[in-house]
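Dear colleague,

I am passing on the structure we talked about, so that you can have it open while you read. My notes on what was found in it follow directly below.

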Amino acid sequence: MSAVEAKLAELGLALPAVVPPLAAYQPAVRSGVYVYTSGQLPMVDGKLPVTGKVGAEVTAEEAKELARTCALNALAAVKSVAGDLDRVARVVKVVGFVASATDFTGQPGVINGASELLGEVLGDKGVHARSAVGVAVLPLDAPVEVEVQVELLP
């Protein structure tokens, strides 16, 4: 077990299976020392636990937890091409999309769920640049989607 996976276990988490693509793309690709994930939905056992807009059908607190799930799914996608999460030198960038009710403006707080998980699991290597964007709708009516870019050790 890698040190990163041991840390996940310490937090009561385990890497899920990589979420299969919903269309014509790969869950993650490697280019040189970088791994780019596709947008990761908060799938659990092949299903979305909740759907709808944040600030309407989904609370900000629920969405923050869903963003954590997205980050965990992103780590699984990274491992699928890197082979070992201990090869992660750092998380470079996180982009989070929040399907938002028209008056919802708490996107940064929602995406903190992903950012905080990466920090808990990877420590200083999890500190990253980030965007948190409100959108009208996401695939499958998901409330949150997160993509991650990581740099690998040479």
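In the hairpin of β1 and β2, which has 2 residues between the strands, G32 takes a positive phi near 65 degrees. Helices and strands are named here as DSSP runs, numbered from the N terminus, with at least four residues (H or I) for a helix and at least two (E) for a strand. Before going further, please keep in mind that this is a predicted model, in which local features need pLDDT of at least 70 and side-chain atom pairs count only at pLDDT 80 or more, while totals for chains, interfaces and linings use all residues. Residues are numbered from 1 along each chain as its sequence is written, and side-chain values use heavy atoms, with hydrogens and water left out.

The sheet

β1 and β2 run antiparallel and are joined by 4 bridges, where two strands are said to pair if DSSP finds at least two bridges between them. Within this pairing, A28 has T37 of β2 as its bridge partner, and V29 stands opposite Y36 in β2. On to the next strand: β2 (residues 34-37) also runs antiparallel to β5 (residues 144-152), with 3 bridges between them. Here V35 stands opposite V150 in β5, and Y34 has E151 in β5 as its bridge partner.

In a regular strand the side chains alternate between the two faces of the sheet. In β2, V35 and T37 point to one face and are buried, whereas Y34 and Y36 point to the other and are not; buried means under 20% relative accessible area, exposed means over 50%, and partly exposed lies in between, with a 1.4 Å probe and protein chains only.

Taken as a whole, the sheet is open and mixed, with 5 strands in the order β1-β2-β5-β3-β4. Its edge strands, each pairing on one side only, are β1 (28-31) and β4 (129-135). Neighbouring strands of the sheet are turned against each other by 15 degrees on average, direction ignored.

In the loop between β4 and β5 there are two residues to look at, L140 and D141. L140 has a positive phi of about 60 degrees although it is not a glycine, and D141, also not a glycine, has a positive phi of about 65 degrees. D141 is partly exposed, with a relative accessible area of 30%.

The helices

Helix α2 lies across β1, β2, β3 (88-99) and β5, and runs at about 40 degrees to β5; axes are lines fitted to C-alpha atoms, for helices over the stretch in contact, and angles run from 0 to 180 degrees between N-to-C directions. Helix α3 (residues 107-122) lies across β3, β4 and β5, and runs at about 155 degrees to β3.

How do the two helices α2 and α3 pack? Their axes are 7 Å apart, at an angle of about 45 degrees, which makes α2 oblique to α3; angles under 35 degrees count as roughly parallel, over 145 as roughly antiparallel, 65 to 115 as roughly perpendicular and the rest as oblique. The crossing is right-handed, meaning that the near helix is turned clockwise from the far one by less than a right angle, with anticlockwise giving a left-handed crossing. Among the α2 residues that meet α3 are A67, R68, A71 and L75.

R68 is in helix α2 (residues 60-82) and is buried, with a relative accessible area of 18%. Not counting residues up to four places away in sequence, R68 touches L13, G113, A114, E116, L117 and E120, where contact means heavy atoms within 4.5 Å.

The cores

The largest nonpolar core has 38 residues, and those with the most contacts inside it are L75, V110, L122, V144, V146 and V150. Such a core is a set of buried Ala, Val, Leu, Ile, Met, Phe, Trp, Tyr and Cys residues joined through side-chain atoms within 4.5 Å. The largest share of this core, 12 residues, comes from α2. A second, separate core of 7 residues includes V19, M43, A99 and L138.

L75 is in helix α2 and is buried, with a relative accessible area of 3%. Leaving aside neighbours within four places in sequence, L75 is in contact with L15, L85, L117, L118, V121 and L122. L122, counted in the same way, touches V4, L75, V88 and V91.

With best wishes
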